[in-house]
Amino acid sequence: MVIRTGRADLDFGGIRAEFGLPAEFPAAALAEARQAAGRDMAGDDREDATHLPLVTIDPPGAEDLDQALCLERVGRGFRVHYAIADLGAFVVPGGALDTEVRKRGQTLYLPDGNVPLHPTVLSEGAASLLPERTRPAVLWTFECGPDGEPTDVRVRRALVRSTARFDYEGVQASFDAGTPHPSVAALPEFGRLRRERATERGAVELRLPEQEIVPNGDGDWKLAVRPRVDVDSWNAEVSLMTGMAAAGIMLAAGVGVLRTLPDADDGAVDALKRSAHALGVPWPDGVTPSRLLAGLDPSRPESLALFVDATRLLRGAGYTSFDGSIPPVTTHAGVAAPYAHVTAPLRRLVDRFATEVCLAVTAGREVPDWLRRALPLLPGLMGGSDALAGKVDRACLDQVEAWVLADRVGQEFDAVVLRAEGGGADVFVTRPPVMGRATGEDLPEGERVRVRLTEADPARRKVAFTRVVG
């Protein structure tokens, strides 16, 4: 575990203790991981794909690199190679490590260090797709037409070797300067095509500001808004395409685990239309929620408010396993298609199992018994893990918001009203970037208002504002 030190009274030990987050791996699980990390994977029955000029795109400083990609134009279409870290090569089913990672569910990210799903000897070492290292991977290859839709999909185990490690802003800067790396030079065109296909399907993308907690250089913390660049969206489309392909493979075979989200009912869409009208956002007849939201300028306050209201379209996400009969809900409303998680196995438990199903099915092999036995357990394991991750993330943000504002009670701030209800409203203060609750009259959604900080309690992790009138 990597720990960043700060002032003694500004660490996250209280949150770790409150949620019972593990500090270490059990000795047996750690021993298994170390043994697996020392194995020579070259002897496995794997395709040698080390010639592919794969690159990774991740946040700065990330060491748990799940994905590496390479795109190229082929005639009027595209060929996409997408390598995913192969945790199935390292985790023995039913072993001590498998038992421990099932308890954890996913990596939890805290400002002062993460709580990894797998021991770092794997997640930041032998299994991570680090540059200039030969690694076992699950390699997806897509042949896509001029519209960006796959016409052929292959998935198999391979050896790969990433040639470079990039971050989102750096890749965006290279596109802006006209000097992209050859392996991603086709990403803007491909990503835009995939985004258009997503909008046509009815996929919902909410471009809300993403708060970040970062060190301020003085041993404590500050809040920032992570800039969203086009590369974020384009890169995500490659992952979404892979998840959709995996879902199709499993549905055709009648066995697997999907990420599902029921379609929003007519009442939720009607409520969103009323919100748009109240915010002064035109909604022409025949325009879908997907098309309307995709056309909004995320820098405008009424857009932020409508994105928040649109979260009502995306309620009820979960995991659905099946074996022998197709479940009644197979699609994810946010993706507007069947979808599965397979692209982040270093950080998320379910991806390893869904990947193993896809590998068995496409190779014409029976899905192993250990895997079939595990499938019904995954929705519960991931549901509990997702709930914990959400609580930890929110607690960390609440804590830092209270720390940052603790000595500013009584000061006034500019804010955008996001959602008004119950005699108050959720507001977004832009400087510093804080989400909080404001009380007072006349808090119209999508409007810029002035608020006064009335409470910032680090012990309770609570921040509150009131509307300034006049």
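Reader: What makes Arg226 a residue that lies over the face of Tyr168?

Author: In this predicted model, Arg226 lies over the face of Tyr168 at 5.1 Å from the ring centre, and a charge sits over a ring if, besides being within 35 degrees of the ring normal, CZ of Arg is within 6 Å of the ring centre, so the distance for Arg226 meets its part of that test.

Reader: How do you know that the charged end of Lys273 sits over the ring of Trp283?

Author: The charged end of Lys273 is 5.6 Å from the centre of the Trp283 ring, and because the limit for NZ of Lys is also a distance within 6 Å, that value falls inside the cut-off.

Reader: How many aromatic pairs are found in the whole structure, and why is the pair of Phe12 and Trp221 called edge-to-face?

Author: A search of the whole structure finds seven aromatic pairs. In the pair of Phe12 and Trp221 the ring centres are 5.6 Å apart and the planes stand at 70 degrees; since centres within 6.5 Å make a pair and planes over 60 degrees apart count as edge-to-face, the name follows.

Reader: Which parts of the chain does this pair of Phe12 and Trp221 link?

Author: Phe12 belongs to the segment before helix H1 (13-18), while Trp221 is in strand S11 (residues 221-226), so that the pair links distant parts of the chain, 209 residues apart. Both Phe12 and Trp221 are buried, and ring pairs link Phe12 and Trp221 with Trp403 into a cluster.

Reader: What makes the pair of Phe413 and Phe465 edge-to-face?

Author: The ring centres of Phe413 and Phe465 are 6.1 Å apart, which is within 6.5 Å, and their planes are at 85 degrees, which is over 60, so this pair is edge-to-face. Phe413 lies in strand S16 (residues 412-421) and Phe465 in strand S20 (residues 462-467), and therefore the pair ties together parts that are 52 residues apart in sequence.

Reader: How do you know whether Phe413 and Phe465 are buried or exposed?

Author: Buried means under 20% relative accessible area; Phe413 has 3% relative accessibility and so counts as buried, and Phe465, at 2%, counts as buried too.

Reader: Why is Thr343 called buried, and where is its place in the chain?

Author: Thr343 has a relative accessible area of 5%, which is under 20%, and therefore Thr343 is buried. The place of Thr343 is in the loop between strand S15 (337-338) and helix H11 (349-362). Leaving aside neighbours within four places in sequence, Thr343 is in contact with several residues, among them Asp66, Tyr82, Ser239 and Arg348.

How values were computed:
Residues are numbered from 1 along each chain as its sequence is written. This is a predicted model: local features need pLDDT of at least 70, side-chain atom pairs count only at pLDDT 80 or more; totals for chains, interfaces and linings use all residues. Side-chain values use heavy atoms; hydrogens and water are left out. Rings of Phe, Tyr and Trp (its six-membered ring) pair if their centres lie within 6.5 Å; planes under 30 degrees apart count as stacked, over 60 as edge-to-face and the rest as tilted. Helices (H or I, at least four residues) and strands (E, at least two) are DSSP runs, numbered from the N terminus. Buried means under 20% relative accessible area, exposed over 50%, partly exposed in between (1.4 Å probe, protein chains only). Contact means heavy atoms within 4.5 Å.
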